[in-house]
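Me: Could you give me a close look at one part of this model, the helix packing? I'd like to know who touches whom, and at what angles.

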Amino acid sequence: MEKIANGVWRWRFGQPEAHTPVTMREKTLQAEALERLGCEDRPPVSQGDIEVKATPRGLQLELPLKAEEHVYGFGLQLHRVDHTGRKKVIRVNSDPVADTGDSHAPVPFYVTTAGYGVLVDTSRYVTFYCGTNLRKGASEHKKQEAKKIGTSEIELYGYQVSEGDRTLVIDIPAAQGIDLYIFEGPGMKQAVQRYNLFSGGGCLPPAWGLGMWYRAYSAAKVDDVMRLAEGFRKDRMPVDVFGFEPGWQTKAYSCSFVWDEGRFPDHEAMLDKLYGMSYRVNLWEHLFVHPSSPMYPDLKPYSGSYEVWEGLVPDLAVKEAKDIFASHHRSEFVDKGIAGFKLDECDSSDFVHSNWSFPDVTEFPSGMDGEQMHNQLGILYQAAIEAPFEAAGRRTLSQVRSSGALAAPYPFVLYSDLYDHKVFIRGVVNCGFSGLLWSPEVRQADSSEDLIRRIQTAVFSPMALLNCWRIPNPPWMQVEREKNVRGEYMDGYEKIRDICRALFEVRMSLIPYLYTSYAKYRLEGLPPFRALVMDYSDDPQTFGIDDAYMMGDSLLVAPMVKGETERSVYLPKGNWRDFWTHERYEGGQSYSCSPGLERIPVFVKDNSLLPLAKPMSYVGESGGFEITVWAYGDAPEPCVLYEDDGVSFDYRDGTYNWVRLAWPQGDSGEAVRNGTYTGDAVNRIVGWERIAHEEGAG
Ligand code: GAL
């Protein structure tokens, strides 16, 4: 076992393949931050515990799994949180319909409640059997129970979960050598932090990226765009990012990467107007290059051997292809003020749409085959699109539909619009195990109740996005007079719009807190959104929770979906406060919550200091937030608030502040600023509010 950094170990067998997540990694391992995370300095899985065998189909590995150990991770798994006793195939695919492991962002990394993580460094469609099978003969001496005749499918075939101490079997096709990277804890949370720091640390979005996002109708023309953009400002609906969908390009499936002058004559004048209204503009695209694209001739020699949608598949693992792609994006878009992109369709599809993408046998100039490229495409695409922003010295927060291993440093949020609301919520719970961010986007809704519930989840998520590419008007204008969940009539769209506005304003008020959580992601590898089991892995009650999550250090979010008037929320041990009413709840038990349609169940950890900003309509170029600090409980613990200029990379040279917030004995708090950032975006603490009354759960 070779030590790679503090708490990171490598076990090697044979000669690993050339194109793996680690060999292709562009980011730098964060050695100092890893050093600061204390650990035992001993491999959590020892050499003798790993069995390996090379076979004609590839490699077969076995790692120990204790009876009480639960397994999490494998990327953006949308159908399940706890993978113990399940089989997972790490194969990129859009809109997986069952719990197979297929995912927009599958990652060959798992972490267990025993407090360590394992990355299998491969781009192959690797399969993990998480305690499903025992070796031949192991059951011979098992006490036989009286025979029961099963008739249901689950009784007969059930999930094959082996009891007692078992193993995790890993099937790696094609490879004849492999590296395993093993991450120490001591807890699950630290193992994940270590994986993220090994990846290069989490991303730090620009502050505006944490505001509200609106993607407009795909067929919109310039007048439709301006009507929407002006409408939001007139109605005081907070929106920071305005997104264009496929209609902005002359060709979209595959892409030309050229503005359509028919729909958008003088698009530069339109962009100037949008910038003048303080919008950040994001453009939809995917990476399949249409023959009419100016990049086509240059990219042709550096592309895969098959087309997709009549377009080239550029091999972004080859420097020349990446440079051609990046420089077109820089000169045509980034230098003209475009703030980010939506990188669509890079996940291929075997389930929902017609079967599209390039075959697994495709040959790429880099030497990768189609299978490896499928699992690497999302990361390569993110790196190519991040490059022009790096060169221009401006941060982006963008969207991507596929990702993979070692993704944490990339400022991209995963999305897809085809899911049930509960699946969207599970995505938020799961993404933090594997260095990913997921947006439970709102496309359109069946009813105002559905809309409001979905917006609530979006507002308390990594990216607050309304993806209205299929509807010409904002979704609050789509709903007619109708009954709400309590059977009362809604007052038409103005009432719904006002409820939406109030929720958007909650998002805006959370930005400084959220920005600080992202700063911890960057510096400490701590995911801003986490499953409860990550923070409370000694509490088995949290092991299966897939409908509530931590947002930052202090908030527990438990979204509701349409049709529910109440839901049960498990609060881990400790005291909690209702975010809206401030009522106190004792943890270690479940509560039934029925907050009414306008509120989502959110709880604040008692003894937290929560900085909340005065909501603005957009984050804007300069000016920090006006913050009121809410102090919960009898003995609020000090915390920190992160600040920098919000847009540039100066923070990498240490130009940022930590504001230490504390509530010493007495009746007011204090804020002490440490750091070197002195620009316009410093925050102003304008008030302190104490919440210390003692009511129990109501
Ligand atoms: C989908 C994508 C949608 C929308 C659409 C436009 O694949 O998930 O959000 O952008 O393409 O064609």
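Reply: Here's a walk through three helix pairs, one after the other.

A bit of housekeeping: this is a predicted model, where local features need pLDDT of at least 70, side-chain atom pairs count only at pLDDT 80 or more, and totals for chains, interfaces and linings use all residues. Residues are numbered from 1 along each chain as its sequence is written, and side-chain values use heavy atoms, with hydrogens and water left out.

Two packed helices are described by the angle between their axes and the distance between the axes. The axes are lines fitted to C-alpha atoms, for helices over the stretch in contact, and the angles run from 0 to 180 degrees between N-to-C directions. Helices here are DSSP runs (H or I, at least four residues), numbered from the N terminus.

Let's start with α10, which spans residues 448-459. Its axis and that of α11 (residues 493-524) come within 9 Å and cross at roughly 10°. That's why α10 and α11 are roughly parallel to each other (angles under 35 degrees get that label, over 145 is roughly antiparallel, 65 to 115 roughly perpendicular, and the rest oblique). On the α10 side, the residues in contact (heavy atoms within 4.5 Å) are Ser-448, Leu-451, Ile-452, Ile-455, Gln-456, Ala-458 and Val-459. They meet Ile-496, Ile-499, Cys-500, Leu-503, Phe-504, Val-506 and Arg-507 in α11. Sorted by class, that contact has eleven nonpolar, two polar and one charged residues. Nonpolar means Ala, Val, Leu, Ile, Met, Phe, Trp, Tyr, Cys and Pro, charged means Asp, Glu, Lys and Arg, and the others, Gly among them, are polar.

Helix α10 also packs with α9 (residues 421-431), at an angle of about 5° and with the axes 11 Å apart. So this pair is roughly parallel too. Here Arg-453, Arg-454 and Thr-457 are the α10 residues, and they meet His-421, Phe-424 and Ile-425 in α9. The class count for α9 with α10 is two nonpolar, two polar and two charged.

Now for α4 (residues 222-234) and α5 (residues 267-276), whose axes come within 11 Å and cross at roughly 5°. These helices are therefore roughly parallel to each other. From α4 you get Val-222, Val-225, Met-226 and Ala-229, and α5 brings Met-270, Lys-273 and Leu-274 to the contact. That works out as six nonpolar, no polar and one charged residue.

Methods. Helix = DSSP H or I, 4+ residues; strand = E, 2+ residues; numbered from the N terminus.
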